[in-house]
Amino acid sequence: MQTVTIAGHQVPAIGLGTWHMGDEPSLEKQEIEAIHAGVAAGAKVIDTAEMYGSGRAETLVGKAIKDIPREKLFLISKVLPTNASKDRMERSLDASLERLGVDEVDLYLYHWRGTTPLVETVAELQRLTEVGKTKAWGISNFDVADLEELWQLPNGSKAAANEDLFNLGSRGVEYSLLDWQADHKLPFIAYSPVGAPDQINTHLGSNPNVLEVARRHHASAYQVLLAWVVGHQQVLAIPQSSNAEHAKENVLAADIQLTSDDLNLLDEAYPAPTEKLPLDVL
Ligand SMILES: NC(=O)c1ccc[n+]([C@@H]2O[C@H](COP(=O)([O-])OP(=O)(O)OC[C@H]3O[C@@H](n4cnc5c(N)ncnc54)[C@H](OP(=O)(O)O)[C@@H]3O)[C@@H](O)[C@H]2O)c1
């Protein structure tokens, strides 16, 4: 199984996303089963945020993980830009820890850039790391220019990961961001790695080239999309699924090694970028 080293921890390269989970009480049992199936298949990373359902996703994750030994998990949560200040961040993190039922998270991300000066946000992320409420901190929805600015700040280069949108249908980050992160030893966390519902339904999962590669590997189209994402150096994918079978198959996609013929076929359908593109965000 492919792995990524993030904040000093080696974790399987495919984890679990949680956006929209916990929103619908009648789905709670099914969603908890999906998280359990993903963890049983080998996932360690669970990605959540205070934003998701205004805390409901974190509460759901808390229920799902209560009987799982803490060391088997790598928990990521995120602070909203409106709470990313010296005065508000600790309260946000404390509330996330309470909902998750843990003493610390493994990685706490600044969800996207807001109006608080970056220097203030970084100082607070670093302080909360030093007091032990998170093992490490990072950023999300940052592009190269944001990272260059971050690297100039005190402790800025202590960021442990950057989380951005990346999938076969959205390859802009390949132009320069992935190389920048590899050069600076900053792991990349790919969100919407199977393309989120819109893209899946419109094209990715039914593209003939994706289906041909899936046939070659006796895999599903979703597994091919995930194997392609984590085939990049130091890239972790966090697909979301509320279906136990899907969650399991997603995690097992980290075992699939695509060949150069497979990659060429996928490039034909979805070419790599030839110029710098604006960062895609959801
Ligand atoms: N940092 C950020 O700003 C940011 C932004 C967006 C998302 N995220 C994180 O990234 C995670 C993933 O992104 P996402 O939720 O936008 O999109 P995604 O994981 O690319 O797509 C999720 C959708 O794919 C379906 N799916 C997943 N695996 C499948 C499979 N094997 N077979 C069939 N359908 C499958 C799911 O349906 P089923 O439930 O039916 O399987 C769900 O509708 C989020 O949950 C969140 O944790 C972060």
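This is a short selection tour of a predicted model.

**Stop 1: Thr 134**

Select Thr 134. You are in the loop between α4 (118-130) and β7 (137-140). Is Thr 134 buried or exposed? Its relative accessible area is 1%, under the 20% cut-off, so Thr 134 counts as buried.

Now show polar contacts from the side chain of Thr 134. Which backbone oxygens lie by a polar atom of this side chain? One belongs to Ala 136, at 2.7 Å. Another belongs to Val 105, at 3.5 Å.

Next, expand the selection to residues that Thr 134 touches, leaving out those up to four places away in sequence. A run appears: Glu 104, Val 105, Asp 106, Leu 107 and Tyr 108. Leu 128 and Thr 129 are touched as well. Keep Leu 107 selected for the next stop.

**Stop 2: the largest nonpolar core**

Leu 107 is among the residues with the most contacts inside the largest nonpolar core. Add Ile 35, Ile 46, Leu 150 and Phe 166, which complete that list. The core has 88 residues in total. Which helix gives the largest share of this core? Colour α9 (residues 221-230): eight of the core residues come from there. In soluble globular proteins, nonpolar side chains tend to be buried together.

**Stop 3: Ile 35 and helix α1**

Centre on Ile 35. Beyond four places in sequence, Ile 35 touches Leu 16, Met 21, Ile 46, Leu 60, Val 61 and Ala 64.

Now select the whole of α1, residues 28-40. How far apart are the end C-alpha atoms of this helix? They are 18 Å apart; 13 residues at 1.5 Å a residue should span 18 Å, so the two values agree.

Pick out the buried residues of α1: Glu 31, Ile 32, Ala 34, Ile 35, Ala 37, Gly 38 and Val 39. What do they pack against? Show two strands, β3 (16-17) and β4 (45-47), then two helices, α2 (56-65) and α10 (244-252).

Step past the end of α1 to Gly 42. Its phi is positive, near 125°.

**Stop 4: helix α11**

Select α11, residues 260-269. Asp 262, Leu 265 and Leu 266 are buried here. Look down the helix axis: these buried residues fall within an arc of 95°, so they line one face of α11.

Which elements cover the buried residues of α11? Among them are α8 (208-216) and α9. Helix α9 is the one already coloured for its share of the core.

Finally, turn to the face of α11 directed away from its buried side. Ser 260, Asp 261 and Glu 268 are the exposed residues there.

Methods. Residues numbered from 1 in each chain as written. Predicted model: local features only at pLDDT ≥ 70, side-chain atom pairs only at ≥ 80, totals over all residues. Heavy atoms only, no water. Helix = DSSP H or I, 4+ residues; strand = E, 2+ residues; numbered from the N terminus. Buried < 20%, exposed > 50% of the residue type's maximum accessible area, 1.4 Å probe, protein only. Polar contact = N/O pair within 3.5 Å; in protein donor to acceptor, adjacent residues only side chain to side chain. Contact = heavy atoms within 4.5 Å. Core = buried A, V, L, I, M, F, W, Y, C linked by side-chain atoms within 4.5 Å. Expected span 1.5 Å × (residues − 1). Arc of directions from axis to C-beta.
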